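Below are some notes on the model you asked me to look over, set out as numbered points. They go through the sheets, then the ligand site, and then a few details of the backbone.

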Amino acid sequence: DHGLSEADPEVRAIINKEKERQFKSLELIASENFTSRAVMEVVGSCLTNKYSEGLPGKRYYGGNEYIDELEILCQKRALAAFHLDENKWGVNVQPLSGSPANFEVYTAILNPHDRIMGLDLPHGGHLSHGFMTPKRRVSGTSIYFESMPYRLDESTGLVDYDMLEKTATLFRPKLIICGASAYPRDFDYPRMRKIADAVGAFLMMDMAHISGLVAASVVADPFEYCDIVTTTTHKSLRGPRGGMIFFKKDPVLGVDLESAINNAVFPGLQGGPHNHTIGGLAVCLQHAQSPEFKAYQNQVVSNCRALARRLVELGYTLVSGGSDNHLVLVDLRPLGIDGARVEKILDMASITLNKNSVPGDKSALVPGGIRIGSPAMTTRGFTEKEFTAIADFIHEGVQITIEAKGLASGSKVQEFLKFVSYPDFSLTDKVSN
Ligand code: PLP
């Protein structure tokens, strides 16, 4: 058996380039992180060879004694990492990623064309929360279910709970979804619970972005109020790419969530679990219970606050005025520029973030904002000081964008590239392979 360099130099060369890009850039995409070498080792292991359709002890293939042991360990660690009582909560660790996990929940507890309400994508929600435009049902979650999004109050940048309540009373959804991809504040879970109860809806939280922060108890705990909690595993949680679904063990609205959700995952929508991912996730969830992990998540939040503080000092408008979690959303429209251009200019200087819609935007391709997240660079050891400097770099990039009117002036961009000379931060053993 050959190593990759010998077996396929072409793919090895691409990986090398990507690795160098990851090393050399300031990674500020709020949904990304650097997972550990230990997790990478599991993801690249022989676990990828095994078929194990079904659940531990109830498989459709032989040879699963160790895979059963692994999946049970992963489930136990998942419940422990989120401080859950095994008698009250269960978890399915097989979802292939966040979007499938969400769709699996919907098919588990809803009938086709039942009504759902999630935060609208241009206001920070995710595609898989029922996204549709006036012209098109974009996501499968709006094709197979009837979606009526709720939105932010544009004057505060906070979820408009009053309007959500009014709409829910008229629309009578069967499921209300908390959680977002670009919302810098905590959800008001008690309020959402009240609204769900008043209309007889299930309440679900998609904590994909903030699951690391939830595990470390640095943000509000959605498990206190929700019936179902879904998550990806590769964002602030810092695991391999995957998904999980947590469910209450007692029936909710007459539905046995445990069997409905387990059946929706397999055989409903998936086949064989990705055991290499489940193994990597088990490693991540063990780490998520450590004091270092809690310190890391605290640092993620303080770094984000330092970034927000400096951006406000520099005169920027932040959606909701600041941040309680790992991301800030900057509204660039008062400066007369858009997020797409700023993303491009910053990308040329190896500062990686993403353009993002802000409330009131007309176009998702040329939106008026940028989203900046702190998890990845915090993994690489950055503190408040470096995040304050990052705000200055971004400011410089924005100035260049304004002056150069986008990419019109190459020389301005070159000047900017010279200005951005990064401190010599090394990845040590944080990233491998
Ligand atoms: N849910 C939320 C809130 C997300 O932000 C994302 C991804 O960004 C997802 C779900 C989907 O995860 P995946 O890309 O793994 O399908």
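1. Four strands make up an open sheet in this predicted model, and their order is β13-β14-β17-β16, with antiparallel pairing. The edges of this sheet are taken by β13 (317-318) and β16 (354-356), and because each has a single partner strand, one side of each is left without a neighbour in the sheet.

2. At the β13 edge, the partner is strand β14 (residues 327-331), and the two pair in the antiparallel sense over 2 bridges. Within this pairing, L318 stands opposite V330 in β14.

3. A further open sheet has 7 strands, arranged in the order β4-β12-β11-β10-β9-β5-β6, and here the pairing is mixed. Its edges are β4 (89-92) and β6 (146-147), each of which has a single partner strand, so that one side of each is left without a neighbour in the sheet. As general background, strands of a sheet pair through backbone hydrogen bonds, and they may do so in either a parallel or an antiparallel sense.

4. For β4, the pairing with strand β12 (residues 243-248) is antiparallel and runs over 4 bridges, and G90 stands opposite F247 of β12.

5. Turning to the ligand, which residues are around it? They are S97, G98, S99, H126, A180, S181, D206, A208, H209, T232, H234 and K235. By character, this shell divides into 2 nonpolar, 8 polar and 2 charged residues, and the space that the ligand takes up is the second largest pocket.

6. Three contacts made by oxygen atoms of the ligand can be listed with their distances. An oxygen atom of the ligand is 2.7 Å from an N or O atom in the side chain of S181, while for the side chain of K235 the corresponding distance from a ligand oxygen to an N or O atom is 3.2 Å. With G98 the contact involves the backbone instead, since a polar backbone atom of G98 is 3.0 Å from an oxygen atom of the ligand. On its own the ligand has 390 Å² of accessible area, and the protein covers 84% of it.

7. Two details of the backbone deserve a look when the model is checked. F266 and P267 are joined by a cis peptide bond, with omega about 10°, and P267 lies in helix α10 (residues 257-269). H113, which is found in the loop between α5 (98-109) and β5 (115-117), has a phi near 75°, a positive value in a residue other than glycine. For context, most peptide bonds are trans, and most residues other than glycine have a negative phi.

Conventions. Residues are numbered from 1 along each chain as its sequence is written. This is a predicted model: local features need pLDDT of at least 70, side-chain atom pairs count only at pLDDT 80 or more; totals for chains, interfaces and linings use all residues. Side-chain values use heavy atoms; hydrogens and water are left out. A residue is near a molecule or strand if one of its heavy atoms lies within 4 Å of it. A polar contact is a pair of N or O atoms within 3.5 Å; within protein, one must be able to donate a hydrogen and the other to accept it, and residues adjacent in sequence count only if both atoms are side-chain atoms. Accessible areas come from the Shrake-Rupley method with a 1.4 Å probe; for residues, only the protein chains shown count as cover. On a 1 Å grid over the protein atoms alone, a cavity is a set of points where a 1.4 Å probe fits but cannot get out, and a pocket is an open set with protein on both sides within 12 Å along at least five of seven lines; lining residues have an atom within 4 Å of a point. A molecule sits in a cavity or pocket if more than half of its atoms lie within 2 Å of its grid points. Ala, Val, Leu, Ile, Met, Phe, Trp, Tyr, Cys and Pro count as nonpolar, Asp, Glu, Lys and Arg as charged, and the others, Gly among them, as polar. Two strands pair if DSSP finds at least two bridges between them.
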